[in-house]
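User: I would like to learn how to read a model like this one. Please take me through it feature by feature.

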Amino acid sequence: MQVQKQTLEQQQLQHIQRVKNLGHSHRENPTEEEREEGDMSKTALSAFQAKEEQIERKKLEVREKVFTQLGRVEEETKRLAEIREELEGLADPTRKEVSALRKKIDAVNRELKPLGQSCHKKEKEYREALDAFNEKNKEKAQLLTKLMELVAESERLRMKRLEELSKTIDSLH
């Protein structure tokens, strides 16, 4: 079919070219054969144009039918959706209430999620701060123990030295 269409178009183009060549001919009186070819070309061209117009009209008709059908389908879809919604309402009268409560529950769940994440984050920060606090307290206790040992050692050495000095003074008398 495509090949036939191309062949027909080629023939029509050849006829059109001949007609143009006839118009450009330097002869004032074309021969009978050239006149007949020109007439055939004009006839073929007219037939081609008529077919193109017919095809275009058909295409527009089909397009209008498609749009009309689409409009009907959309209307039917809306009507069916309304009917389905009404049927669902008849099936369970509390369904709307249940649906509303589910939506609220979903909304609360969405709010809870970031709050839970925030709690976990803050608990982690608290544990880390508590661990750091306990570590510093432990370090402080160790430092205090060491200080106490140093003070005790210092007192012991001073007492020993004082006793030595006291003995030395006693021996001088």
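Analyst: Start with the surface. Accessible areas come from the Shrake-Rupley method with a 1.4 Å probe. By that method the chain of this predicted model exposes about 16,500 Å². Carbon and sulfur atoms supply 57% of that area.

User: What percentage of the 173 residues count as buried?

Analyst: The cut-off comes first: buried means under 20% relative accessible area. Here 3% of the 173 residues count as buried.

User: How many helices and how many strands does the chain have?

Analyst: It has three helices and zero strands. Read along the sequence, the pattern is α-α-α. Helix α1 covers residues 2-24, helix α2 residues 32-91, and helix α3 residues 95-172.

User: Which element has the lowest mean pLDDT, and which the highest?

Analyst: The general idea: pLDDT is the predictor's confidence in each residue, from 0 to 100. Where pLDDT is low, the predicted coordinates should not be read in detail. In this case, helix α1 has the lowest mean, 61, and helix α3 the highest, 93. The average for the chain is 84, and 79% of the residues score at least 70.

User: Now the salt bridges. How many does a search of the whole structure find?

Analyst: The criterion is a side-chain nitrogen of Lys or Arg within 4 Å of a carboxyl oxygen of Asp or Glu. The search finds five. Let us go through some examples.

User: How far apart are the closest N and O atoms of K59 and E56?

Analyst: They are 3.7 Å apart, and the pair forms a salt bridge. Both residues lie in helix α2, three residues apart, about one turn of the helix.

User: Are K59 and E56 buried, exposed or in between, and why?

Analyst: Partly exposed lies between the limits of 20% and 50% relative accessible area. K59 has 43%, so K59 is partly exposed. E56 counts as partly exposed because its relative accessibility is 38%.

User: What does R79 do with E76?

Analyst: Their side chains meet in a salt bridge, at 2.9 Å from N to O. Again the setting is helix α2, with the residues three apart, about one helical turn. R79 is partly exposed at 43% relative accessibility, and E76 is partly exposed at 38%.

User: Why are R156 and E153 separated by about one helical turn?

Analyst: Because they sit three residues apart in helix α3. R156 forms a salt bridge with E153, and the closest N and O atoms are 2.3 Å apart. R156 is partly exposed, with a relative accessible area of 43%. E153 is partly exposed too, with 34%.

User: Next, patches. Which residues form the negative one?

Analyst: A patch takes residues with over 30% relative accessible area and no salt bridge. E82, E85, E86 and E88 form a negative patch on the surface. Take E88, which is in helix α2. E88 has 35% relative accessibility, so it counts as partly exposed.

User: And which residues form a nonpolar patch?

Analyst: V62, V66, F67 and L70 do. Together they have about 380 Å² of accessible area. L70 is found in helix α2. At 43% relative accessibility, L70 counts as partly exposed.

Terms used. Residues numbered from 1 in each chain as written. Predicted model: local features only at pLDDT ≥ 70, side-chain atom pairs only at ≥ 80, totals over all residues. Heavy atoms only, no water. Helix = DSSP H or I, 4+ residues; strand = E, 2+ residues; numbered from the N terminus. Patch = residues over 30% accessible without salt bridge, like charges linked within 9 Å, V, L, I, M, F, W, Y side chains within 5 Å. Lys, Arg positive; Asp, Glu negative; His and termini not counted. Charge placed at Lys NZ, Arg CZ, Asp CG, Glu CD. Buried < 20%, exposed > 50% of the residue type's maximum accessible area, 1.4 Å probe, protein only.
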